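Colleague: Could you take one part of this protein and walk me through it closely? I'd like the backbone details first, and then how that part sits in the whole.

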Amino acid sequence: MTFDTLSSDQIQALLDEQTAAYETLKASGLKLDLTRGKPSPAQLDLSNELLSMPGADFADAAGTDTRNYGGLTGLTELREIFAPIMQVPVEQVVAGDNASLAMMHDNLVFALFHGVADSEQPWGVEEAVKFICPVPGYDRHFALLEEYGIEMLPVDLLDDGPDVAAVRELVKDPAVKGMWLVPTYSNPTGAVVSEAVAAELAALETAAPDFRIFWDNAYAVHHLTEQHTKTADILGLCSASGHPNRPVIFASTSKVTFAGSGVCFLGSSADNIEWYLKHLAKRTIGPDKVNQLRHARFLKSVDGVHALMDGHREILAPKFQAVVDILNARLGEHGVASWTEPKGGYFVSLDVVDGTASRVIQLAREAGVAMTPAGAAFPYGDDPRDRNIRIAPSYPSPEELAAAIDVLATCVLIAACEQALAQ
């Protein structure tokens with residue numbers, strides 16, 4: 001029965017029941033961590049062949065000694081594998097080191113100091129610099145902006161992408177220089193930007209002529225079902241709309257091979273790539289080409305990437321299903337929460353009763369379950385409704401995950417009961 005149909009006495013009885021269960025769970029000494037979307041050891045084991053590569057044959061396809069300096073754009077044979085995934089011509093793809101976040105950081109800092117390819121002046125000398133941030137969103141995106149004093153403008157992330165009407169109003173301000181977007185299986189909701197929404201974003205008339213979409217395609221191949229959702233071709237759409245420099249596309253193998261020893265990629269227009277390489281050349285002499293070579297030989301082709309991701313899906317899909325099943329069983333009848341059932345990506349987004357997410361996180365922590373802080377998926381860590389919680393099912397074992405979600409559901413019910421009785 002939903003809370004709307006319960007009397008105060010019935011809610012109190014439910015609170016007493018859940019509190020007793022909570023104390024039992026708390027006494028069991030759990031130490032579980034659902035804070036970040038890390039691949040599990042079983043997923044990392046899928047790529048262990050990399051550890052024996054490249055061996056004594058360390059020349060790339062062109063005969064270049066990958067142990068030496070140089071090669072700022074990265075190995076061609078690896079870029080050829082990921083260019084079709086990013087939907088960017090191979091000559092407009094740069095392969096870097098292990099973290100796409102570093103490429104995002106560089107693009108932001110280069111823009112602040114130098115302006116972008118079509119800027120009249122560096123962003124940093126403007127009176128203000130603002131970015132549109134679809135929410136819920138990725139906390140590390142927001143942390144980058146906060147680090148450099150860039151004002152964040154939240155807009156709702158809907159099932160098919162950001163609220164375009166809200167975006168259209170915001171870009172009338174010339175201080176709005178860009179927006180973040182995770183187009184496929186967004187962190188944390190699993191939303192997918194539709195072709196229609198992507199086309200609208202591509203065609204937007206913006207007051208800032210150097211407006212950028214930071215298109216973080218982190219989960220392009222991270223499917224949880226046999227349905228392979230296709231990412232909108234943002235570079236093609238922007239070019240067709242007369243804004244070829246608008247999108248800057250990021251990707252990586254962080255959750256494909258080894259999370260800490262993967263390869264990141266940047267794709268964009270020819271002008272943007274020339275601009276990026278010009279400034280990158282002052283920061284580095286070249287990426288880790290030995291690591292790129294072993295990735296190229298291990299993955300072999302686009303088909304090789306998809307085959308490896310099928311292995312990830314076999315490990316991940318049952319975990320995501322377990323989360324949904326437990327939430328349904330524990331919370332479904334009470335009407336105190338809703339959650340996403342993503343078809344890909346790394347997270348489940350849980351919305352609890354308004355005003356209770358912080359209390360849920362506190363209760364879970366005291367019971368031995370670490371969760372991402374409430375509000376982390378919003379700029380400045382401020383969820384105005386205090387209701388969103390990000391669940392990262394990937395790292396724990398199935399048994400640990402089930403225990404953690406059981407604790408979380410208990411905490412959701414306790415917090416909901418407390419608030420209902422207080423009102």
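**A close look at Lys-300 and its surroundings**

Modeller: Let's start with Lys-300, which sits in the loop between helix H10 (289-299) and H11. Keep in mind that this is a predicted model. The phi angle of Lys-300 is near 70 degrees, so we have a positive value in a residue that isn't glycine. As for its surroundings, Lys-300 is exposed, with a relative accessible area of 61%.

There's a second residue of this kind to put beside it. Gln-87, in the loop between H3 and E2, also isn't glycine and has a positive phi, near 60 degrees. Gln-87 is partly exposed, at a relative accessible area of 22%.

Now back to H10, and to what touches it. Met-53 lies in the loop between helix H2 (41-45) and helix H3 (76-86). Leaving aside residues up to four places away in sequence, Met-53 touches Arg-294, Arg-297 and Phe-298. Met-53 also leads into a cis peptide bond: the one from Met-53 to Pro-54 has omega near 0 degrees. Pro-54 is in that loop between H2 and H3 too. For a sense of distance, Met-53 and Val-263 are 210 residues apart in sequence, while their C-alpha atoms are 15 Å apart in space. Another cis bond runs from Asn-187 to Pro-188, with omega near 10 degrees, and Pro-188 is placed in the loop between strand E6 (176-181) and helix H7 (195-203).

On the other side of the Lys-300 loop comes helix H11 (302-331), which supplies at least two residues to the largest nonpolar core. That core has 51 residues, and Leu-350, Met-371, Ile-391 and Ile-405 have the most contacts inside it. H13 gives the largest share, 13 residues. Other contributors of at least two residues include helix H1 (8-27), strand E11 (348-352) and helix H12 (357-366).

Helix H9 (residues 270-280) is worth a glance as well. Its buried residues include Trp-275, Tyr-276 and Leu-277, and among the elements covering the buried residues of H9 are helix H4 (100-114) and strand E8 (247-252).

Stepping back to the whole, the protein has 13 helices and 13 strands, and 54% of its 423 residues count as buried. Among contacts with a separation of 6 or more, 76% link residues 24 or more positions apart. The radius of gyration is 23 Å, which agrees with the value near 22 Å for a compact globule of 423 residues.

Definitions and conventions: Residues numbered from 1 in each chain as written. Predicted model: local features only at pLDDT ≥ 70, side-chain atom pairs only at ≥ 80, totals over all residues. Heavy atoms only, no water. Helix = DSSP H or I, 4+ residues; strand = E, 2+ residues; numbered from the N terminus. Rg over C-alpha atoms; globule rule 2.2 N^0.38 Å. Buried < 20%, exposed > 50% of the residue type's maximum accessible area, 1.4 Å probe, protein only. Contact = heavy atoms within 4.5 Å. Core = buried A, V, L, I, M, F, W, Y, C linked by side-chain atoms within 4.5 Å.
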